[in-house]
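Colleague: Could you take a close look at a single part of this model for me, and walk me through what surrounds it? I'd like one helix and its setting, in plain words.

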Amino acid sequence: MKETMSGRKTLQRNGSGGTEYHIALLGALGVGKSALTVKYITKRFIMEYDPFLEDTYTKHETMEKEDITLKIMDTFEKEESNPDRYLKWADAFIVVYSITGRQSFEGARVYLDSIVKFQKSSGKDIPITLVGNKVDLERYRQVSKSEGKTLATQYECLFYETSAAEDYELVNKIFEGTLRELCRIKERQIP
Ligand code: GDP
Ligand code: MG
């Protein structure tokens, strides 16, 4: 990536002439970041995924006739790890909480704050998508949908509730929606 005069970053061109975008998933341990990523990439739900694994995946997409290389970082936050690795790397964020975990919802707020702080200091336009996962566990719900919506409005995020265990179409929409926001920002950057 290279810096433009405005201080914003222009997005990399990939080898095939399309654009490369980076999306990082953030959220508390166990909310389903890996499950959502793997579901999007493979359409499969993997029940047990190494909770301490951080990995980056690549997927090719076409949007509005443009070839896009999407790199997705499924993060795992260790206490000593430096958030710069994803803050500086990502063009967009998907912040995940579990609707069955109040603490994970509070955790999402902390991640949103750190992204907004970074956004202000870098001048970068960074789309954020807030996701309430595990809606298949409705009977254990601790966070209402309207609380999720309110938080998303407060931070100007896209908002979805979903289940990595069940709903491939909706999981796909989350990534597509985030990608669409990225394409919109890129269009605005072209003079
Ligand atoms: P991560 O730490 O955020 O990456 O969370 P994981 O993707 O490893 O998921 C943690 C646990 O929650 C695993 O046992 C998953 O099988 C489970 N899980 C993830 N998403 C869902 C979901 O949508 N519904 C249900 N019922 N379980 C889920
Ligand atoms: Mg994980």
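Modeller: Sure. Keep in mind that this is a predicted model; the chain has a mean pLDDT of 89, with 90% of its residues at 70 or more. For the complex, the predictor gives an ipTM of 0.99 and a pTM of 0.91. The stretch to treat with care is residues 1-11, where pLDDT stays under 50.

Let's pick helix α1, residues 33-42. Eight of its 10 residues are buried, so the helix is largely enclosed by the rest of the structure. Going along the helix, the buried ones are Lys33, Ser34, Ala35, Leu36, Thr37, Val38, Lys39 and Tyr40. Right after α1 comes Lys43, which has a positive phi, near 65 degrees.

What do the buried residues of α1 pack against? Quite a list: the strands β3 (19-27), β4 (55-63), β5 (66-74), β6 and β7 (128-133), plus the helix α5 (168-189).

Some of those strands are paired with one another. β5 pairs with β3 in the parallel sense, over seven bridges, and Ile23 has Ile72 of β5 as its bridge partner. With β4, β5 pairs in the antiparallel sense, over nine bridges; there, His60 is bridged to Thr69 of β5. β4 and β5 also make a hairpin with two residues between them, and Glu64 in that turn has a positive phi of about 45 degrees.

β6, another of the strands that α1 packs against, takes us into the largest nonpolar core. That core holds 44 residues, and Phe93 and Val95 touch the most other members. Strand β6 (residues 92-98) supplies the largest share of the core, six residues. If you skip the neighbours within four places in sequence, Phe93 is in contact with Ala24, Leu26, Ile115, Ile126 and Ile128. As background, nonpolar side chains tend to be buried together in soluble globular proteins.

Now for the ligand, which brings us back to α1. Ligand 1 is surrounded by 19 residues, and the closest are Gly32, Lys33, Ser34, Ala35 and Ala165. Of these, Lys33, Ser34 and Ala35 are also among the buried residues of α1. The helix α1 gives the shell its largest share, three residues. By type, the shell around ligand 1 splits into nine nonpolar, six polar and four charged residues.

So the picture of α1 has two sides to it: a helix largely enclosed by the rest of the structure, and the source of the largest share of the shell around ligand 1.

Definitions and conventions
Residues are numbered from 1 along each chain as its sequence is written. Chains are lettered from A and ligands numbered from 1 in the order in which they are written. This is a predicted model: local features need pLDDT of at least 70, side-chain atom pairs count only at pLDDT 80 or more; totals for chains, interfaces and linings use all residues. A nonpolar core is a set of buried Ala, Val, Leu, Ile, Met, Phe, Trp, Tyr and Cys residues joined through C-beta atoms within 7 Å. A residue is buried if 20 or more other C-beta atoms lie within 10 Å of its own, exposed if 12 or fewer, and partly exposed in between; C-beta atoms are placed from the backbone. Helices (H or I, at least four residues) and strands (E, at least two) are DSSP runs, numbered from the N terminus. Two residues are in contact if their C-beta atoms, placed from the backbone, lie within 7 Å. A residue is near a molecule or strand if its C-beta atom, placed from the backbone, lies within 6 Å of it. Ala, Val, Leu, Ile, Met, Phe, Trp, Tyr, Cys and Pro count as nonpolar, Asp, Glu, Lys and Arg as charged, and the others, Gly among them, as polar. Two strands pair if DSSP finds at least two bridges between them. pLDDT is the predictor's confidence in each residue, from 0 to 100.
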